Amino acid sequence: MRVILDTNVLVSAILSPGSNADLALRQWLDGRFVLLTCSEQLAEVKSTLRKPYVARHYTPHDAGRLINLLRTLALQIERLPMVRRSWDPEDDFLLALAEAGEADYLVTGDKAGLLDLKRHAGTRILTPVQFARLFK
């Protein structure tokens, strides 16, 4: 199974231990699926983790560990097609990643944008709660 965890899910995983986002991250680390990422997402994760509102809720060690795990263990997709489908153009790279990486699932907490699409190409778009149900 090939999965994309949206940046909001990755950040939620370190901010909320025991949450469904955390469960998704742990499922990946336990080898239950292949995590797909790209340079655009790594930059977005770094930028999000540097925001003062977010940064005060975790240790720098946790942030560095997440970035290093993504760099070393996730499957890096380098060539993304041009996609313009999301209500938020900043999310289009995730849809492009889904296409290029042939993702089965895109997991996001983005209630106003990506979740409304429900599917992109062959990729189902799920909430962390819906994704967690796949492992129960």
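Which residue just after H2 takes a positive phi? In this predicted model, the residue is Gly31, and its phi is about 80°. The helix that precedes Gly31 is described below, after the core to which H2 contributes.

The largest nonpolar core has 29 residues. Those that touch the most other members are Leu5, Trp28, Phe33, Leu49, Leu66, Leu70 and Phe131. At least two residues of this core come from each of the following elements: strand E1 (2-5), helix H1 (7-15), helix H2 (20-29), helix H3 (39-50), helix H5 (60-73) and strand E4 (105-107). A second core, separate from this one, consists of 17 residues, among them Ile4, Ala96, Leu97 and Ala103. In soluble globular proteins, nonpolar side chains tend to be buried together.

Leu66 illustrates the packing in the largest core. With residues up to four places away in sequence left out, Leu66 touches Leu10, Ile14, Leu25, Val45 and Leu49.

Helix H2 has six named positions to consider with regard to burial: Ala21, Asp22, Ala24, Leu25, Gln27 and Trp28 are its buried residues. These residues pack against E1, H1, strand E2 (34-37), H5 and helix H8 (128-133).

The pairing of H2 with H5 can be described further. Their axes come within 12 Å and cross at roughly 40°. Because of this angle, H2 is oblique to H5. The crossing of the two helices is left-handed. On the side of H2, the contact is made by Leu25, Trp28 and Leu29. On the side of H5, the contact is made by Arg65, Leu66, Leu69, Leu70 and Leu73. Sorted by type, the residues of the contact between H2 and H5 comprise 7 nonpolar, no polar and 1 charged. Trp28 is thus listed both among the core residues that touch the most other members and in the contact with H5. Leu66 and Leu70 of H5 likewise appear in both lists.

Asp110 is located in the loop between E4 and helix H7 (114-117). Is Asp110 buried or exposed? Its relative accessible area is 18%, and since buried means under 20%, Asp110 is buried. Apart from residues up to four places away in sequence, Asp110 touches Asp6, Asn8, Asp91 and Leu115.

Positive phi values also occur further along the chain. Lys118 is not a glycine, yet its phi is positive, at about 65°. Lys118 is found in the loop between H7 and strand E5 (119-120). The relative accessible area of Lys118 is 59%, and because exposed means over 50%, Lys118 is exposed. Ala121, another residue other than glycine, has a positive phi near 55°. Ala121 is placed in the loop between E5 and strand E6 (123-126), and with a relative accessible area of 58% it is exposed.

Gly122 also lies in the loop between E5 and E6. Gly122 is exposed, with a relative accessible area of 55%. Which residues does Gly122 touch, not counting residues up to four places away in sequence? They are Ala103 and Asp104. Ala103 is also one of the residues of the second core. Between the C-alpha atoms of Gly122 and Leu70, which are 52 residues apart along the chain, the separation is 23 Å.

Notes. Residues are numbered from 1 along each chain as its sequence is written. This is a predicted model: local features need pLDDT of at least 70, side-chain atom pairs count only at pLDDT 80 or more; totals for chains, interfaces and linings use all residues. Side-chain values use heavy atoms; hydrogens and water are left out. A nonpolar core is a set of buried Ala, Val, Leu, Ile, Met, Phe, Trp, Tyr and Cys residues joined through side-chain atoms within 4.5 Å. Buried means under 20% relative accessible area, exposed over 50%, partly exposed in between (1.4 Å probe, protein chains only). Helices (H or I, at least four residues) and strands (E, at least two) are DSSP runs, numbered from the N terminus. Contact means heavy atoms within 4.5 Å. Axes are lines fitted to C-alpha atoms, for helices over the stretch in contact, and angles run from 0 to 180 degrees between N-to-C directions. Angles under 35 degrees count as roughly parallel, over 145 as roughly antiparallel, 65 to 115 as roughly perpendicular and the rest as oblique. A crossing is left-handed if the near helix is turned anticlockwise from the far one by less than a right angle, and right-handed if clockwise. Ala, Val, Leu, Ile, Met, Phe, Trp, Tyr, Cys and Pro count as nonpolar, Asp, Glu, Lys and Arg as charged, and the others, Gly among them, as polar.
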